[in-house]
Amino acid sequence: MDYRFSFMYFADGRIKNSSGNNNDFRLDINESENGLRITLIPNKDIRIKKFFATRDYDFGADSKFFANGFQSWTDTKEFSSDEKMPGLGLVGKSLFGRKFGLNNVGDYNFIEEEKEAGSFHSHSLAYVRQGNEIDFFGSKTDKTGYTVIYADMNRKTLSFSKDLDGVTISEPYDILDLFFAKGDYDEVFDKYFEAINVKPLTDKKIKGYTSWYNYYQNISEEIILRDLNSLEAQIEYVNTFQIDDGYQTAVGDWFSINKEKFPNGMKVLVDAIHEKGLSAGLWLAPFGAQKGSDIAKKHPDWLIKDEKGKPIPVGANWDGFYGIDIYNEDARNYIKSVFNEVLNVWGFDLVKLDFLYAASIIPMYGKSRGEIAYDSIELLRECVGEKKILGCGVQQMPCFGKVDYMRIDPDMALWWKHKLLRKNMHREDVSTPNAVGNSIFRRCFNGRAFLCDPDVFLLRRTNIKFEPEQQKLLGKFIKLFGSVLFMSDNIAEYDEKQLETFKDILTDDSEIKAINVSNNIAFIDYVQNGKDELLKFNINDGTIF
């Protein structure tokens with residue numbers, strides 16, 4: 001295969017451009033039917049600003065390009081040539097978005113937004129689908145930097161690149177290491193994960209409760225114990241009870257429990273959960289510090305800063321928050337002490353670790369964003385040890401084989417169809433359509449890289465805007481696509497029909513046979529109790545057919 005190269009790099013004190021070998025470097029290219037490896041061999045120190053390895057590609061009229069989003073919440077789907085990839089959105093580009101750093105939630109700082117239909121990019125892996133035939137391309141590692149795959153269906157090209165911002169190359173360096181495969185869907189993904197030697201850490205599904213999607217931060221000891229006790233009559237169907245955000249006084253101040261809401265602290269709740277025979281889970285955002293937190297005020301040196309020495313905002317949650325520098329020794333020791341308290345003193349068995357992208361928003365200390373992301377996950381695995389991690393708000397590939405469970409989509413809303421504001425938001429915002437779509441198109445990771453969390457099912461009738469039939473559909477969908485099956489209801493309020501649906505969702509007796517998505521209509525053929533069944537619905541608005 002013929003590749004055309006384009007380099008923009010810094011050497012000898014100036015920016016240079018090149019199409020390949022020159023006096024500054026040469027390329028060692030190893031290509032086979034199953035992959036491509038390109039090693040840059042420098043003659044002097046080089047910092048690459050941009051580079052692309054581009055080949056011609058014969059996209060068919062009906063070709064679909066699978067674009068894997070940057071992190072858990074980034075929309076992920078197959079694109080047709082007449083579709084345009086969304087970007088940061090009007091809100092993200094506004095004064096509000098800049099103030100709160102919405103550009104740091106995704107890849108907006110190092111990927112140029114696509115301007116026309118038929119032009120797309122994907123992180124770590126991608127494929128072109130023609131009918132049932134998959135032409136797959138995947139990075140063997142992103143530890144050296146994020147691998148980005150571009151498809152231009154208009155000019156009929158595929159390009160492979162890597163985010164090497166911040167890295168000085170002074171010795172031979174693999175700037176691309178790719179795996180290629182062709183076949184049906186399961187065949188290519190089986191081959192890929194075998195090639196990169198990744199296996200999931202567990203095969204045990206999570207079934208149970210999380211407090212978030214009913215109360216959000218308005219939780220209390222009273223609410224937690226009430227909802228825990230409501231599960232007692234159906235305890236055979238659940239194995240995990242998770243306490244989400246809202247127990248701490250501020251994000252980052254993890255030792256500071258809100259005594260008004262949780263007067264007896266956290267250990268008493270863990271003991272109560274264990275008494276029911278359930279695993280206890282706790283939500284944390286270990287790389288985040290709320291703007292008003294004691295951590296941010298007392299330890300500003302722990303925060304990731306820009307070139308002017310100012311902390312970089314990394315999101316609008318909690319009225320704004322910053323990322324923590326995992327290479328600061330005191331910050332690192334603090335993170336370790338938090339996990340020791342949570343896991344060994346309070347006694348939690350599982351931690352849901354959220355907003356993890358915050359650790360790697362910029363290149364630092366001569367490391368690329370990708371290398372920092374890998375280092376951050378290694379730190380978490382070291383802290384958690386043999387206990388369980390549910391990752392969230394994080395780049396997928398650094399977590400392959402490193403976390404037990406993984407959120408693969410954005411938070412669901414308590415309604416289905418997008419509101420006007422959502423259509424102008426960034427790609428990582430709360431969205432039921434995107435949660436459903438991501439679960440379909442990231443099913444390739446389930447049981448290969450980790451066990452997938454497709455978010456919650458909700459059957460209550462209050463504080464929610466789904467129709468009952470949509471709730472039942474989403475429950476069936478979560479059952480088919482998920483290995484983490486959480487709800488956020490007080491099931492003591494369920495009637496007989498709701499309870500019947502609850503039991504059905506948490507019973508392992510179904511298997512997907514075929515999936516097709518056409519014009520945003522999902523067709524999911526499955527077998528349950530030996531009977532062929534079909535889910536058919538509109539992903540965008542929740543219309544059931």
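Visitor: Before we start, what does buried mean here?
Guide: Buried means under 20% relative accessible area, and please keep in mind that we are looking at a predicted model.

Visitor: OK, so which residues of strand β23 are buried?
Guide: In β23, which spans residues 484-487, Val 484 and Phe 486 are buried on one side, while Leu 485 and Met 487 are buried on the other, so that both faces of the strand are covered. In a regular strand the side chains alternate between the two faces of the sheet.

Visitor: Which strand does β23 pair with, and in what sense?
Guide: Strand β14, residues 206-210, pairs with β23 in the parallel sense over four bridges, and within this pair Ile 206 stands opposite Val 484.

Visitor: And just after β23, where is Asn 490?
Guide: Asn 490 sits in the loop that links β23 to α13.

Visitor: Is that residue buried or exposed?
Guide: Asn 490 has a relative accessible area of 8%, and because buried means under 20%, it counts as buried. Leaving aside residues up to four places away in sequence, Asn 490 touches Asn 214, Tyr 215, Arg 226, Asp 227 and Ser 230. Among these, Asp 227 and Ser 230 are themselves buried residues of helix α5.

Visitor: What covers the buried residues of α5?
Guide: The cover includes β14, α4, β15 and α6.

Visitor: Then which residues are buried in α6?
Guide: In α6, residues 267-275, the buried ones include Leu 269, Val 270, Ala 272 and Ile 273. Seen down the helix axis, the buried residues of α6 fall within an arc of 160°, so they line one face of the helix. They pack against α5, β15 and β16, and the helix is followed by Gly 277, whose phi is positive, near 85°.

Visitor: Switching topic, how many residues has the largest nonpolar core?
Guide: It has 138 residues, and those with the most contacts inside it are Ile 243, Phe 400 and Phe 502. Apart from it lies another core, of 37 residues, which includes Leu 27, Met 85, Phe 160 and Leu 176.

Visitor: Last thing, in what order do the strands of the seven-strand open sheet run?
Guide: The order is β3-β4-β13-β10-β9-β6-β7, with antiparallel pairing. Strands β3 and β7 stand at the edges with a single partner strand each, so one side of each is left without a neighbour in the sheet. From one strand to the next the twist averages 20°, and helix α3, residues 185-195, packs on the sheet, where it touches β9, β10 and β13.

Terms used:
Residues are numbered from 1 along each chain as its sequence is written. This is a predicted model: local features need pLDDT of at least 70, side-chain atom pairs count only at pLDDT 80 or more; totals for chains, interfaces and linings use all residues. Side-chain values use heavy atoms; hydrogens and water are left out. Buried means under 20% relative accessible area, exposed over 50%, partly exposed in between (1.4 Å probe, protein chains only). Helices (H or I, at least four residues) and strands (E, at least two) are DSSP runs, numbered from the N terminus. Two strands pair if DSSP finds at least two bridges between them. The arc is that of the directions from the helix axis to the C-beta atoms. Contact means heavy atoms within 4.5 Å. A nonpolar core is a set of buried Ala, Val, Leu, Ile, Met, Phe, Trp, Tyr and Cys residues joined through side-chain atoms within 4.5 Å. Axes are lines fitted to C-alpha atoms, for helices over the stretch in contact, and angles run from 0 to 180 degrees between N-to-C directions.
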